[in-house]
Amino acid sequence: MSAPRISETRRQANARQTAASRPDASFWVSANAGTGKTHVLTNRIVRLLMAGARPGEILCLTYTKAAATEMANRLAQLLGRWAVLADDGLLAAYRAQTGVPLARDDLARVRRLFAQVADTTDGPNIRTIHSFCESLLGRFPLEAGVAPHFTVMDERTAAELRREARDRILTRIAHAPDGPLGRALEHVAGQLAEDGFDTLMADLDRSRADLARAIAGRGGVDRLAEAVRRRLGLAPDDDRRSVVLDPAAPADEVALRRAQAVLAKGGKTDQARAVALGDWLAADGDGRLARFEDYRAAFLTAEGGPRKTLITQGAAKADPAAVDMLAAEQTRVLAIAERLRALALADNTQSLTTLADALAAAYAELKTARALLDYDDLIFKARDLLASDSPTRRGAVAWVHYKLDGGIGHVLVD
């Protein structure tokens with residue numbers, strides 16, 4: 001019973017691959033490695049050529065050089081093998097490869113494909129996405145806003161430049177420790193272990209593109225910080241003091257003193273909780289703020305969840321209402337703890353994005369001064385060149401599209 005199912009699965013897969021290689025429609029293929037994406041792309045190139053497309057009109061983009069080489073080699077081997085096959089062998093091989101029949105009248109055309117592709121210096125153009133973007137920016141540097149003589153850095157040079165940018169930021173902080181950058185670094189350093197700074201800088205470096213988009217999308221670091229606070233339910237002026245001592249959510253001190261008296265007469269665990277309540281109730285605002293973590297521990301676990309037991313059964317018998325009184329305070333303390341976590345997240349995010357923005361700016365300044373681009377720049381600047389909706393650049397973008405449309409008829413992306 002298993003063989004027919006396998007045969008049907010293969011039939012469906014072959015049918016989908018054949019459909020995706022049709023030259024008269026656009027397709028998006030999602031598949032795991034080794035399932036035939038390169039096979040489909042190769043077939044699509046063949047069928048495009050058979051449909052009349054010139055080799056130079058076909059652009060194939062891959063992510064790695066190895067993938068580009070693999071596709072180019074596979075296409076050359078396939079067309080070279082077809083060029084020397086006898087008629088019946090070529091008819092069968094074409095059908096087996098592409099999934100569609102070949103008319104006998106087209107046999108000569110198929111055999112000429114090898115020479116047609118081999119004799120063409122500009123196509124099919126099979127290259128990496130970075131290589132294509134580099135050529136695009138080199139062709140339209142003024143429209144892209146890059147130096148005409150720009151150089152693409154390798155990873156080693158880019159890493160050295162990012163370390164130089166980091167050192168510039170640290171020097172700037174050393175001269176103005178009380179400025180926004182200094183405060184951001186001081187805040188972040190307080191959250192790190194001794195050897196955590198270099199790791200953090202590396203993480204910010206790896207995420208610089210995403211952080212830059214987030215910052216730019218909100219109109220700057222401060223606007224992003226405001227958006228994060230709103231998303232977390234925090235007011236612009238919320239801080240630890242305002243959250244812990246929020247007058248809009250006060251504790252029921254009368255009920256807590258009653259519960260404390262009950263706890264004080266209970267067992268060892270009850271008495272410890274009574275001491276925590278007593279110390280907090282006796283403190284003023286500053287004292288309550290300083291003691292909040294100890295007070296919190298009386299109601300919440302180390303992981304931040306509510307404790308299952310706030311009073312032993314023996315102590316509760318003396319005053320059953322104490323159970324509800326303590327539960328009400330537990331709910332209030334849990335809400336405060338959650339807001340403090342939100343506040344910490346907002347403060348950490350603002351400090352990190354402040355540092356990341358400064359690092360990115362310093363890195364960009366170094367690249368601009370030396371006419372250098374990294375691999376991310378190639379992608380983003382090419383994207384902006386092709387998709388900019390700025391009114392001041394519409395003419396330039398239209399010109400780029402016009403020139404590209406005159407040379408590229410089909411784009412295949414792996």
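Is valine 46 buried or exposed, and with what relative accessible area? Select valine 46 to begin: the residue is buried, with a relative accessible area of 0%. Buried here means under 20% relative accessible area, exposed means over 50%, and partly exposed lies in between, with a 1.4 Å probe and protein chains only.

The model is predicted: local features need pLDDT of at least 70, side-chain atom pairs count only at pLDDT 80 or more, and totals for chains, interfaces and linings use all residues. Residues are numbered from 1 along each chain as its sequence is written, and side-chain values use heavy atoms, with hydrogens and water left out.

**Stop 1: valine 46**

Valine 46 lies in helix α2, residues 37–50. Helices (H or I, at least four residues) and strands (E, at least two) are DSSP runs, numbered from the N terminus. Now display the surroundings of valine 46. Apart from neighbours within four places in sequence, valine 46 is in contact with Leu75, Leu78, Leu79, Trp82, Tyr94 and Leu113; contact means heavy atoms within 4.5 Å. Leucine 75 is 29 residues away from valine 46 along the chain, and their C-alpha atoms are separated by 8.3 Å.

**Stop 2: the largest nonpolar core**

Next select Leu256, Leu277, Tyr295, Phe299, Ile311, Leu326 and Leu340, the residues with the most contacts inside the largest nonpolar core, which has 39 residues. At least two residues of this core come from each of α12 (221–231), α13 (240–244), α14, α15, α17 (292–297), α18 (313–318) and α19. The most is given by α19, with 11 residues. A second, separate core has 26 residues, including Leu41, Ala53, Ala68 and Leu113. A nonpolar core is a set of buried Ala, Val, Leu, Ile, Met, Phe, Trp, Tyr and Cys residues joined through side-chain atoms within 4.5 Å.

Return to isoleucine 311. Not counting residues up to four places away in sequence, isoleucine 311 touches Val262, Leu263, Asp270, Arg273, Ala316, Ala322, Val323 and Leu326.

**Stop 3: the aromatic rings**

Four aromatic pairs are counted in the model. Rings of Phe, Tyr and Trp (its six-membered ring) pair if their centres lie within 6.5 Å; planes under 30 degrees apart count as stacked, over 60 as edge-to-face and the rest as tilted. Select tyrosine 295 and phenylalanine 299, an edge-to-face pair at 5.3 Å centre to centre with 70 degrees between the planes. Both tyrosine 295 and phenylalanine 299 are buried. Add Trp280 to the selection: ring pairs link Trp280, Tyr295 and Phe299 into a cluster.

**Stop 4: helix α12**

Select α12, where Val221, Leu224, Ala225, Ala227, Val228 and Arg229 are buried. Among the elements that cover these buried residues of α12 are α11 (208–218) and α19. Just after α12, glycine 233 takes a positive phi of about 80 degrees.

**Stop 5: the cavity**

How many cavities of 30 Å³ or more does a search of the whole structure find? The search finds one, with a volume of about 40 Å³. On a 1 Å grid over the protein atoms alone, a cavity is a set of points where a 1.4 Å probe fits but cannot get out, and lining residues have an atom within 4 Å of a point. Grid points are joined across faces, edges and corners, and the volume is the space filled by probe spheres set on the points.

Select the lining: Arg166, Ile169, Leu170, Leu185, Phe197, Met201, Leu355 and Leu359. Two or more of the lining residues come from each of α8 (155–175), α10 (196–206) and α19 (321–369), and α8 has the largest share, three residues. By class, seven lining residues are nonpolar, none is polar and one is charged. Ala, Val, Leu, Ile, Met, Phe, Trp, Tyr, Cys and Pro count as nonpolar, Asp, Glu, Lys and Arg as charged, and the others, Gly among them, as polar.

**Stop 6: alanine 371**

Move to alanine 371, in the loop between α19 and β4 (372–373). Alanine 371 has a positive phi of about 55 degrees although it is not a glycine. Most residues other than glycine have a negative phi. Alanine 371 is buried, with a relative accessible area of 11%.

**Stop 7: glycine 267 and glutamine 271**

Finally, select glycine 267, in the loop between α14 (253–264) and α15 (268–282). Glycine 267 is partly exposed, at a relative accessible area of 33%. Glutamine 271, in helix α15, is also partly exposed, at 40% relative accessibility. Outside the residues up to four places away in sequence, glutamine 271 touches Leu263, Ala264 and Gly266.

Key:
On a 1 Å grid over the protein atoms alone, a cavity is a set of points where a 1.4 Å probe fits but cannot get out, and a pocket is an open set with protein on both sides within 12 Å along at least five of seven lines; lining residues have an atom within 4 Å of a point.
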